[in-house]
Amino acid sequence: MATRIQIKRTNEIDDELWTKIVDGFNESFDLNLSAEGLKNGWYVANPWGYAYHAMAFDDDNELMAYNVFTPSQYENDIKVVVSGSTYVRPKYRKNVMLFAQLIKALRKRCADDGFDLEVGVPNHNSINYHCKVNKVQMVDDLSYYVLPVSLSKTAGKSLPGFVDALWRVYLKVHMALNVVLSRLFNGKERQRKFSVATDDVFYKTRFGGKDYKCVSQGESRFAYRMYDEDDKRVAYLMDCRIRGKKSYKALVDASRDIIKKEHPDAVLYVGFMHFPQCLMIKLPKRMAPKRLPLTCYVLNKEKETQFSDVANPDNWNFSLMSFDVR
């Protein structure tokens, strides 16, 4: 069976092809996605306004597999594409090289268009394939930081009422103490080599959808999303900054505001947190809801020396806001 690979930008995909793409998602992951949700979501939430979609077709023009590279502007004029939205339809999964063919075609197109790096967060089932076949470099697993508001909901078990009551009292004291500490010892994150450019254009495009809430208070700015997660009302903190810098004080102020306005069961931050803080609990890897491994591949071969340190996690400022999850 012959395989035809086709690459289109988001705005070049017609309704008939969107239907095939959505049907492939729903078949592969038992979802109920809509074409409108895909067309107006993550794929266009970037300064370019489009993504690169790679599709494999068989002799009968049936869609076999799909992958997307979404552009992202990083600091120091580094142009990045984020790999994701991958699937191979069940009846074509015996062809183990389909995913690799899509990646190869996307890499050539995006390198030709001037992109420097490819990053991705593959699932635990595909990370070995991605490293061995697609030759990505493993950076590190993203960390989970949680601030429980409802202890029983966060723990996922029914606790005696007095335990939750005591926790609520403790949380008020904990928050007040962290407000004071963050004013006295406000640890700030230093600039990382690989960091998304979080200017006004980024905020407008990345968090412009109705699912996100952006708050600006003086020199402080943060973004979050409320999500029902297994009967838990979770606030996913996407970003928090004061004068453009992530910091302990920014984390405390954002979390306090979210708790006051949204009354979540928990506040969650997923990613690297390169500053000292004592507000949130860093979950041990064995307790992480799922593994989120950050990987990288250098597209611009003329800059391989410049990017020889991509596998060092200390060089990355990477979190939920950097890829298409939540």
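**Exercise 1. Aromatic residues**

Which residues form one aromatic cluster together with W316 and F318, and how are the rings of W316 and F318 arranged as a pair?

Solution. In this predicted model, the cluster that holds W316 and F318 also takes in Y74, F194, F307 and F323. Turning to the pair itself, the ring centres of W316 and F318 are 6.3 Å apart and their planes make an angle of 75 degrees. Planes over 60 degrees apart count as edge-to-face, so the pair formed by W316 and F318 is edge-to-face. As for their surroundings, both W316 and F318 are buried. In total, the structure holds 23 aromatic pairs.

**Exercise 2. The span of helix α3**

Why does the distance between the end C-alpha atoms of helix α3 agree with its number of residues?

Solution. Helix α3 covers residues 98-112, which is 15 residues. The expected span is 1.5 Å times one less than the number of residues, and for α3 this gives 21 Å. The end C-alpha atoms are 22 Å apart, which agrees with that expectation. Along the helix, the buried residues are L98, F99, A100, L102, I103, L106, R107 and C110. One of these, R107, has its charged end over the ring of Y297, at 3.5 Å from the ring centre. Just after the helix, G114 takes a positive phi of about 95 degrees.

**Exercise 3. Two open sheets**

What is the strand order of the open sheet of 7 strands, and which are its edge strands?

Solution. The order is β1-β2-β3-β4-β5-β14-β6, and the pairing is mixed. The strands β1 (4-9) and β6 (137-141) each pair on one side only, which makes them the edge strands. Within this sheet, neighbouring strands are turned by 25 degrees against each other on average, with direction ignored. Strand β5 pairs with β14 (residues 293-298) in the antiparallel sense over 4 bridges, and in this pairing L117 stands opposite V298 of β14.

In which sense do β10 and β11 pair, and which residue of β11 is the bridge partner of Y224?

Solution. Strands β10 (residues 220-229) and β11 (residues 232-242) pair in the antiparallel sense, over 10 bridges. The bridge partner of Y224 in β11 is L237. Both strands belong to an open sheet of 6 strands with mixed pairing, ordered β9-β10-β11-β12-β7-β13, whose edge strands are β9 (212-217) and β13 (281-282).

**Exercise 4. Confidence**

Where in the protein is confidence lowest, and where is it highest?

Solution. The mean pLDDT of the protein is 93, and 100% of its residues reach 70 or more. Confidence is lowest in helix α2 (residues 35-39), with a mean of 82, and highest in strand β5 (residues 117-120), at 98.

Key. Residues are numbered from 1 along each chain as its sequence is written. This is a predicted model: local features need pLDDT of at least 70, side-chain atom pairs count only at pLDDT 80 or more; totals for chains, interfaces and linings use all residues. Side-chain values use heavy atoms; hydrogens and water are left out. Buried means under 20% relative accessible area, exposed over 50%, partly exposed in between (1.4 Å probe, protein chains only). pLDDT is the predictor's confidence in each residue, from 0 to 100. Rings of Phe, Tyr and Trp (its six-membered ring) pair if their centres lie within 6.5 Å; planes under 30 degrees apart count as stacked, over 60 as edge-to-face and the rest as tilted. A charge sits over a ring if NZ of Lys or CZ of Arg is within 6 Å of the ring centre and within 35 degrees of the ring normal. Two strands pair if DSSP finds at least two bridges between them. Axes are lines fitted to C-alpha atoms, for helices over the stretch in contact, and angles run from 0 to 180 degrees between N-to-C directions.
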